[in-house]
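Please open the structure in a viewer and keep the sequence panel visible. The tour below proceeds by selection, and each stop states what is to be found there.

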Amino acid sequence: MGNLRITLHYRLWCYILLPLLAGCAASFNNAQLQPSSTLEMKVKSTINGVRRTALIHLPTNFNIETAYPLVVVIHGAFSTAEIMEQETGFSELADKEQFVVMYPNGMGIFGFIQHWNAGHCCGKAASDDLDDVAFIDECIDTAAQRISIDRKRIYIAGFSNGGMLAYRYASERSTTISGAAALGASAGGRATPDDPWWMPLPPKKPVPLFIAHGIDDQAIPIDGGSSTAKNGKRQYLPLADSISFWLSNNGCSWAYRQESLYNQKVFLRSWQNCAEGSEIKVYTIDGWGHQWPGPVFIKDDSSLAGFDITPLIWDFFKKHKGQ
């Protein structure tokens, strides 16, 4: 219960302070492009007359002539681009590894309670059938108009509702990206038990896929069904079904290799015999709930101390380059 209070307090301050801090950030349209900077980028599309935005982080040693890999990182429901940057540590990693990170902002009210239409979830974005796949396209294209992006090295990662959108984007834009990561998410679901199950469209080509899920996740249960954390009617497909969807569409052999890591708290299953050089890696984390697995939430005295999913995602991505 103490950990829950800490998390809630942390998120409360993030919701209050980070939007204010973001207002002080330089505009991506007007600012000089400086190394190791996070800038606001506006796109043409709007919601209720307000232009949609994303944050974009340029690495140290940034050079306008260099074509950089791009990692699009999508926040969960009721979160923001600013919070996602803080919780994942992707910008710090980008400074070390020299790639560009973009954090799009979902549909919300005055920068709060933001969420995405991932097909089967969530909120008003889904009920209004907001085209968030097209919005991510627009974010990528807008960034590429201003800085040099290596189109063969575009990747997408998301958590929770953002992970659901990452699944959807990977299936609908398989020819655009070279890898995807979905954390604490389900590829399919339905709003009520009376509705048909929603699943992504089959991708046109295999997509290397990185998946992570907490075994104790109550918001999006690893075994599927309704969220016991929210007591709602919405149902999610089990992790096994999300894996099966991608195994089939990536043309993978069903045989896999399994490893136990971090004092047998983290379990890794790897499918590497897949079509077109693709692969699937699935991390399941014992005793872990619905949070980004990394230093912000893992205590130094925890059995998971030192575990950080973010560099593992990047190590996975950088092995894969589009044709």
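Two strands are taken as paired if DSSP finds at least two bridges between them. The model shown is predicted.

**First stop: a small open sheet**

With that definition in mind, select Gly225 and Tyr236. Tyr236, in S12, is the bridge partner of Gly225. Now extend the selection to strand S11 and to strand S12 (residues 235–236), which pair in the antiparallel sense over two bridges. Adding S9 completes an open sheet of three strands in the order S9-S12-S11, with antiparallel pairing. Its edge strands are S9 (189–190) and S11 (225–226), each of which pairs on one side only.

**Second stop: the strands S13, S14 and S15**

Select strand S13 (residues 257–261) together with strand S14 (residues 266–271). Five bridges join these strands in the antiparallel sense. Which residue of S14 is the bridge partner of Ser260? The partner is Phe267. S13 and S14 form a hairpin with four residues between them. In the turn, select Tyr262, whose phi is positive at about 50 degrees.

Next, add strand S15 (residues 280–285). S14 and S15 run antiparallel and are joined by six bridges. To locate this pairing, display Leu268 and its bridge partner in S15, Tyr283. When side chains are displayed, it is useful to recall that in a regular strand they alternate between the two faces of the sheet.

**Third stop: an aromatic cluster**

Keep Tyr283 selected and add Phe99, Tyr155, Phe210, Trp314, Phe316 and Phe317. Ring pairs link these residues, Tyr283 included, into a cluster.

**Fourth stop: two edge-to-face pairs**

In the whole structure, a search finds 13 aromatic pairs. One of them consists of Phe159 and Trp292, in an edge-to-face arrangement with 6.4 Å centre to centre and 70 degrees between the planes. This pair links distant parts of the chain, 133 residues apart: Phe159 lies in strand S7 (residues 149–159), and Trp292 in the loop between S15 and helix H8 (309–317). Are these two rings buried or exposed? Phe159 has a relative accessible area of 8% and is therefore buried, the cut-off being under 20%. Trp292, at 1% relative accessibility, also counts as buried.

Then select Phe245 and Trp246. Their rings form an edge-to-face pair, 5.3 Å centre to centre with 80 degrees between the planes. Both Phe245 and Trp246 are buried.

**Fifth stop: helix H2**

Select residues 81–88, which make up helix H2. Seven of its eight residues are buried, so H2 is largely enclosed by the rest of the structure. The buried residues are Ala81, Glu82, Ile83, Met84, Glu85, Glu87 and Thr88. Just after H2, select Gly89, which takes a positive phi of about 75 degrees.

**Final stop: helices H5 and H6**

Select helix H5 (residues 132–146) and helix H6 (residues 161–172). Their axes come within 10 Å and cross at roughly 75 degrees. H5 is therefore roughly perpendicular to H6, a term that covers angles of 65 to 115 degrees. On the H5 side, display Asp132, Val133, Ile136, Asp137 and Ile140, which make the contact with Leu165, Arg168, Tyr169 and Glu172 of H6. By class, the contact of H5 with H6 comprises five nonpolar and four charged residues, with no polar ones.

Notes:
Residues are numbered from 1 along each chain as its sequence is written. Side-chain values use heavy atoms; hydrogens and water are left out. Axes are lines fitted to C-alpha atoms, for helices over the stretch in contact, and angles run from 0 to 180 degrees between N-to-C directions. Angles under 35 degrees count as roughly parallel, over 145 as roughly antiparallel, 65 to 115 as roughly perpendicular and the rest as oblique. Contact means heavy atoms within 4.5 Å. Ala, Val, Leu, Ile, Met, Phe, Trp, Tyr, Cys and Pro count as nonpolar, Asp, Glu, Lys and Arg as charged, and the others, Gly among them, as polar. Buried means under 20% relative accessible area, exposed over 50%, partly exposed in between (1.4 Å probe, protein chains only). Rings of Phe, Tyr and Trp (its six-membered ring) pair if their centres lie within 6.5 Å; planes under 30 degrees apart count as stacked, over 60 as edge-to-face and the rest as tilted.
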